[in-house]
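Open the model in a viewer with residue labels and secondary structure switched on. The stops below say what to select next and what is there.

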Amino acid sequence: MIWKNMEIHNVAELVEKDGGVTWVRVPERVRENMETQMGPMVAGNATGVELRFVMKGDEVKIRMASLCQETAVFHVFWGAIQGGWEDHEVDKYVSGDPREYVIRKRDNMATLKRMAAESGQEWDPEVVRVVFDRGNFVLYDVAGEMEPPKKEQCPRRTLLAYGSSITHGSNSLDASHSWVWQVAYRLQMDYRNLGMAGSWIWQCDLHRWPGTSGGYVLDLGR
């Protein structure tokens with residue numbers, strides 16, 4: 001899904017919210033037929049959702065807020081390489097009050113590209129990945145020179161995972177330590193995480209959704 005010249009990964013639809021946009025990870029027609037009370041709520045969760053873009057200028061500013069009562073968190077990756085403290089340790093916490101977060105272009109891109117090549121990664125470190133750790137978010141604006149990642153800058157294959165709590169990433173340290181992320185990383189694949197904690201029984205509807213076809217499907221069952 002492209003929004004303001006960046007990709008919002010792992011979402012099916014955008015929903016207007018408080019002057020900005022939030023998302024659902026499955027189409028509304030699938031969401032409304034979920035068989036658990038938790039289903040529609042967790043379908044709007046940020047599990048597996050990333051903001052992806054390639055910077056053409058020196059910085060990108062993202063204005064957003066958390067829709068949860070507790071403070072939410074994000075991390076920055078350059079392709080498959082996790083960013084340093086300057087990328088997200090200083091300013092990674094998202095509260096319910098809208099504010100601006102700044103992603104600055106790395107000055108060691110040549111080193112990151114060498115590291116990616118030496119480790120056999122298919123991700124291009126030019127691809128900035130703002131990775132959310134669960135929760136629900138609203139995006140208000142994004143500013144800066146950027147473009148969505150090109151196909152050749154991302155892994156050739158994509159892993160689609162669905163299931164319940166473990167797939168969802170419940171109790172994992174953060175998104176990059178979830179089971180789905182780690183499997184995709186080791187298989188040199190991109191991923192889509194449709195884990196829905198407490199809501200796995202709606203899998204039959206998922207199979208009938210065309211958005212789940214054409215990839216490698218991993219059904220964890222929990």
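## First stop: histidine 75

Select histidine 75 and aspartate 133: their side chains are joined by a polar contact of 3.2 Å. This is a predicted model. Histidine 75 belongs to strand E7. Its relative accessibility is 7%, so histidine 75 counts as buried.

## The whole chain

Zoom out to the full protein. Its secondary structure consists of 7 helices and 16 strands. Of the 222 residues, 53% are buried. Color the surface by element: the accessible surface is about 10,700 Å², and carbon and sulfur atoms hold 48% of that area. Among contacts with a separation of 6 or more, 76% are between residues 24 or more positions apart.

## Helix H4

Select residues 109-118, which form helix H4. Which residues of H4 are buried? They are Met109, Leu112 and Ala116. These residues lie on the same side of H4, because they cover an arc of only 60° around the axis. Turn to the other side of H4, where Ala110, Ala117 and Glu118 are exposed.

Now show what covers the buried residues of H4: the cover includes strand E7 (72-78) and strand E8 (81-82). E7 is the strand of the opening stop, since histidine 75 lies in it. Step past the end of the helix to glycine 120, just after H4, where phi is positive at about 75°.

## The hairpin of E1 and E2

Move to strand E1 (2-3) and strand E2 (6-9), with lysine 4 in the loop between them. The two strands pair in the antiparallel sense over 2 bridges. Select isoleucine 2 to see one pairing: its bridge partner in E2 is glutamate 7.

The hairpin has 2 residues between its strands. Lysine 4 has a positive phi near 50°, in a residue other than glycine. Is lysine 4 buried, exposed or partly exposed? Its relative accessibility is 42%, so lysine 4 counts as partly exposed.

Stay on E2 and show its side chains. Met6 and Ile8 point one way, Glu7 and His9 point the other way, and all are buried. In a regular strand the side chains alternate between the two faces of the sheet.

E2 has a further partner to display: 3 bridges join E2 to E5, and these strands run antiparallel. In this pairing glutamate 7 stands opposite arginine 52 in E5. Glutamate 7 is thus a residue to keep selected, with isoleucine 2 as a bridge partner and arginine 52 opposite it in E5.

## The loop before E5

Follow E5 back to the loop that leads into it. Threonine 47 lies in this loop, between helix H2 (39-42) and strand E5 (50-55). Threonine 47 has 4% relative accessibility and so counts as buried. Its side chain makes a polar contact of 3.0 Å with the side chain of asparagine 45.

## Strands E3 and E4

Select residues 20-24, strand E4. How many of the 5 residues of E4 are buried? The count is 5 of the 5, so E4 is largely enclosed by the rest of the structure. Gly20, Thr22 and Val24 point one way from E4, while Val21 and Trp23 point the other way.

Add strand E3 (residues 13-17), which is joined to E4 by 5 bridges and runs antiparallel to it. Label glutamate 16, which stands opposite valine 21 in E4. E3 and E4 form a hairpin with 2 residues between them. In the turn, aspartate 18 has a positive phi of about 50°.

## Glutamine 188

Go on to the loop between helix H6 (179-186) and strand E15 (190-193), where glutamine 188 lies. Phi of glutamine 188 is near 60°, again a positive value in a residue other than glycine.

## Last stop: the cysteines

Select cysteine 68 and cysteine 154. Cysteine 68 has a relative accessible area of 18% and is buried. Cysteine 154 counts as buried too, at 14% relative accessibility. A disulfide is a covalent bond between the sulfur atoms of two cysteines. How many disulfides does a search of the whole structure find? The search finds 0.

Technical notes
Residues numbered from 1 in each chain as written. Predicted model: local features only at pLDDT ≥ 70, side-chain atom pairs only at ≥ 80, totals over all residues. Heavy atoms only, no water. Helix = DSSP H or I, 4+ residues; strand = E, 2+ residues; numbered from the N terminus. Buried < 20%, exposed > 50% of the residue type's maximum accessible area, 1.4 Å probe, protein only. Contact = heavy atoms within 4.5 Å. Areas by Shrake-Rupley, 256 points an atom, 1.4 Å probe, with all protein chains shown as cover. Arc of directions from axis to C-beta. Polar contact = N/O pair within 3.5 Å; in protein donor to acceptor, adjacent residues only side chain to side chain. Pairing = 2+ DSSP bridges. Disulfide = S-S within 2.5 Å.
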